[in-house]
Each structure stands twice: as structure tokens, then as C-alpha cells.
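User: I am new to this structure and would like to be guided through it by questions and answers. Please begin with the overall fold and then turn to individual residues.

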Amino acid sequence: MMKIGLFGGTFDPPHHGHMMLAEHIRVECELDQVWFIPASTPPHKKRSDMSSVDERLELVTVATRSNPHFHVSTIERDRGGRSYTIDTVKQLKEEYPAHEFFFIIGGDMVESLPSWAGIEELVHLITFIGVNRPGHSPSPVYKDHLIHIDFPQIDLSSTDIRQRVKEGKSIRYLVQEEVAEMIKESRLYGEGSGT
């Protein structure tokens, strides 16, 4: 049985913080692989200027390809529509019955778990790995279905990176060089060079 960590998100763009977190959790939780799952249409994000799911899949593929333990899943793109974790997990468990799945979430998302679609069923299908934020104690919500992992705060955000690109500022050392090149060539986030 393989132990697989599922890392969902918009990844618009993926940055070094995402990669460091995924690798840290893979090692600490002794996972065989971490699967990155770019959301097709995330239920909680309302940005009208979001990159297409195909563009984000391409960025994540480039960002993860140097790590043999990272894999990019197209499951939510292929299914289309709004991306709910419950639907993704049920489909993955059906397709890979021999795998044990874990779902990676940030500490801020742990507190929102009660509002997730299908959460009462979801907690019996999967174990969550919650990343503790410095200065915050672990949330008691669904504690029997949650592994808490400490991870140093890295103040990187995709929002800030997109803004830097729009302003023509450097994003070197914030994302992999190949990701920066793709953003520049595709002019993904506006007129700035982002180099």
C-alpha cells in the first residue's frame, strides 16, 4: 500500500513555499508520494483573472518535475466543474483502492473544515495533515482525523508573486527558474516581465 499526500490548490503560480511544504510533509509523515491537484474551479476562489486550469497544470508540472516523489494529477481538470475535495477523494479511492490517502491543508483551513462540503463523510475516507502556524495552537476540530505538523512560516504568496509580475519586478528565488520563464513567455499575469 502506498501512502499518498494530496495537495490541492489553485497554484497560480506554484512557488518555492509550496514545494518546501510538500517535501517537508512527505518526509515527516513518511509518504511515498505527494500528488499536486490544481483545482478546476475552486469553490472558495472568486478571482475573474485566474489562469486557466491547463496553464496552472503546466506550471505545476514544470515546478515539480525535478522531484521523483512529486506527481501532478489532472483529476479535477478532467472532471470539470467546481472542485470539491469530497468528490476528488471518493474518485481517487475508487481508482486506487490499494493506496492510503492523506489531504494536506494549511493551519488556517483546519478551522474551516466544518464548512467543507461532505465533511462528515470525508473525515472517514481520509486523514488530514494540518500544517501548524507559528503562534497558533492546533485546532481541536476533527482531531481524531488530523495529523498536526509543524512547519516554519514562509511568507510567500501567489497573490504577491502575481502582483510583482504585473509591476515588472523580479520573482527570482520565489519560483523555480522554469516557472518564471513560462510566466514571462506566456505573459500570464499582465504586462510586467516578472524576471
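The exchange below concerns a predicted model and moves from the chain as a whole to single residues.

User: How many helices and strands does the protein chain contain, and what pattern do they follow along the sequence?
Analyst: The model is a predicted one, and its secondary structure comes to 8 helices and 6 strands. Read along the sequence, these elements give the pattern β-α-β-α-β-α-α-β-α-α-β-β-α-α.

User: What is the radius of gyration of the protein chain, and how compact is the chain for its length?
Analyst: For 195 residues the globule rule gives 16 Å, and the chain comes close to that value. It is therefore as compact as a globular protein of that length, with a radius of gyration of 17 Å. Along the principal axes, the C-alpha atoms fill a box of roughly 45 × 40 × 35 Å.

User: What share of the residues is buried, and what share of the contacts joins residues 24 or more positions apart?
Analyst: Of the 195 residues in the protein chain, buried ones make up 45%. Among contacts with a separation of 6 or more, residues 24 or more positions apart account for 69%.

User: How much area does the protein chain expose, and what percentage do carbon and sulfur atoms supply?
Analyst: The exposed area of the protein chain is about 10,100 Å². The part of that area supplied by carbon and sulfur atoms is 48%.

User: What is the strand order in the sheet, and which strands lie at its edges?
Analyst: The sheet is open, has 6 strands and shows parallel pairing, in the order β3-β2-β1-β4-β5-β6. An edge strand pairs on one side only, and this applies to β3 (70-72) and β6 (146-150). Direction ignored, neighbouring strands of this sheet are turned against each other by an average of 30°.

User: Which strands does helix α2 touch, and what angle does its direction make with that of β2?
Analyst: Helix α2 (residues 53-64) packs on the sheet. Its contacts there are with β1 (3-9), β2 (33-38) and β3. With the direction of β2, the direction of α2 makes an angle of about 155°.

User: How many bridges join β4 to β5, and which residue is the bridge partner of Phe102?
Analyst: Strands β4 (residues 100-106) and β5 (residues 127-132) run parallel and are joined by 5 bridges. In β5, the partner of Phe102 is Thr127.

User: Is Phe128 buried or exposed, and how far is its C-alpha atom from that of Leu146?
Analyst: Phe128 is found in strand β5. Its relative accessible area is 1%, under the 20% cut-off, so Phe128 is buried. Beyond residues up to four places away in sequence, Phe128 touches several others, including Phe103, Trp116, Leu122 and Ile147. Leu146 is also touched; it lies 18 residues away along the chain, with a C-alpha separation of 4.7 Å.

User: Where does Phe11 lie, and is it buried or exposed?
Analyst: Phe11 lies in the loop between β1 and α1 (16-28). Leaving aside residues up to four places away in sequence, it touches His18, Phe36, Ile37, Pro38, Arg56 and Val60. Val53 is 42 residues from Phe11 in sequence, and their C-alpha atoms are 9.4 Å apart. Because its relative accessibility is 2%, Phe11 counts as buried.

User: Which residues does a cis peptide bond join, and what is its omega?
Analyst: Most peptide bonds are trans. A cis peptide bond joins Asp12 and Pro13, and Pro13 lies in the loop between β1 and α1. The omega of this bond is about 5°.

User: Which backbone atom does the side chain of Asn67 reach, and at what distance?
Analyst: Asn67 lies in the loop between α2 and β3. At 14% relative accessibility, Asn67 counts as buried. Its side chain reaches the backbone nitrogen of His69 at 2.8 Å.

User: What are the phi values of Glu30 and Tyr173?
Analyst: Most residues other than glycine have a negative phi. Glu30, in the loop between α1 and β2, counts as exposed at 63% relative accessibility. Tyr173, in the loop between α7 (158-166) and α8 (177-186), counts as exposed at 68%. Both have a positive phi, that of Glu30 being near 55° and that of Tyr173 about 75°.

Definitions and conventions
Residues numbered from 1 in each chain as written. Predicted model: local features only at pLDDT ≥ 70, side-chain atom pairs only at ≥ 80, totals over all residues. Heavy atoms only, no water. Pairing = 2+ DSSP bridges. Helix = DSSP H or I, 4+ residues; strand = E, 2+ residues; numbered from the N terminus. Axes fitted to C-alpha atoms, helices over the stretch in contact; angles between N-to-C directions. Contact = heavy atoms within 4.5 Å. Rg over C-alpha atoms; globule rule 2.2 N^0.38 Å. Buried < 20%, exposed > 50% of the residue type's maximum accessible area, 1.4 Å probe, protein only. Areas by Shrake-Rupley, 256 points an atom, 1.4 Å probe, with all protein chains shown as cover. Polar contact = N/O pair within 3.5 Å; in protein donor to acceptor, adjacent residues only side chain to side chain.
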